[in-house]
Amino acid sequence: VQLQASGGGLVQAGGSLRVSCTTLGGNFSNYAMGWFRQAPGKAREFVATISWSGGATYYAGPVKGRFTVSRDKVKNTMYLQMNSLKPEDTAVYYCAANSRTLYAGTYFHTQNDYNYWGQGTLVTVSS
C-alpha cells in the first residue's frame, strides 16, 4: 500500500491551493489520516487530521480557519484545501495514515502516530 501526494505548486500569498493524497494498492477507509509539513531548515510539523469516517477533523493552530481536510472514500483520496496562503506556509506537505487503530477519531497529532507516509508535495507561497 502506498500514499501518493500531489497538487503542490507555486501560489501567491493570499491565494488557494488543494493538495491530494491518493491511496494505491489498498485503502485506509477505516483509519484516520493526516497531513504534516516540513519547511526548509525546520522540523516536520502536524497540520491536520481527519477521522476514519471523515466526520471529524482537527487542525494545528497556525492553519485553523484557513485549511480544510476532507476525504473521499470512493476515490481513496484525502484532500487539503488551503486558503489565504501565507509565505510561512511554504513547505513540503506529507500525507500519512494510521493503520494500527480501527475507527479512530482525530487524536493522532504526532509523527509517531502514523505508520504510512506519502512522498510529499512542495507548496511554495510567494510574497
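What follows is a short walk through a disulfide and a cavity. The model is a predicted one.

Start with the disulfide. One is counted here. It joins Cys 21 to Cys 95, with an S to S distance of 2.2 Å. That passes the cut-off, since a disulfide is a pair of cysteine sulfur atoms within 2.5 Å. The torsion about the S-S bond of Cys 21 and Cys 95 is about 70 degrees, so the disulfide is right-handed. Look next at where the two ends sit. Cys 21 belongs to strand β3, residues 17-24. Cys 95 belongs to strand β9, residues 91-97. The two cysteines are 74 residues apart, so the pair links distant parts of the chain. Are these cysteines buried or exposed? Both Cys 21 and Cys 95 are buried.

Now turn to the cavity. The structure holds one of 30 Å³ or more. About 70 Å³ of space lies in the largest cavity. Which residues line the largest cavity? From the earlier part of the numbering come Thr 23, Asn 27, Phe 28, Ser 29 and Met 33. Arg 71, Asp 72, Lys 73, Asn 76, Thr 77 and Met 78 complete the lining. Two elements give two or more residues to this lining: β7 (67-72) and β8 (77-82).

The chemistry of the lining is mixed. Its residues divide into three nonpolar, five polar and three charged. The charged class takes in Asp, Lys and Arg, and the lining includes Arg 71, Asp 72 and Lys 73. Phe and Met count as nonpolar, and Phe 28, Met 33 and Met 78 are among the lining residues.

Definitions and conventions: Residues are numbered from 1 along each chain as its sequence is written. This is a predicted model: local features need pLDDT of at least 70, side-chain atom pairs count only at pLDDT 80 or more; totals for chains, interfaces and linings use all residues. Side-chain values use heavy atoms; hydrogens and water are left out. On a 1 Å grid over the protein atoms alone, a cavity is a set of points where a 1.4 Å probe fits but cannot get out, and a pocket is an open set with protein on both sides within 12 Å along at least five of seven lines; lining residues have an atom within 4 Å of a point. Grid points are joined across faces, edges and corners, and a volume is the space filled by probe spheres set on the points. Helices (H or I, at least four residues) and strands (E, at least two) are DSSP runs, numbered from the N terminus. Buried means under 20% relative accessible area, exposed over 50%, partly exposed in between (1.4 Å probe, protein chains only).
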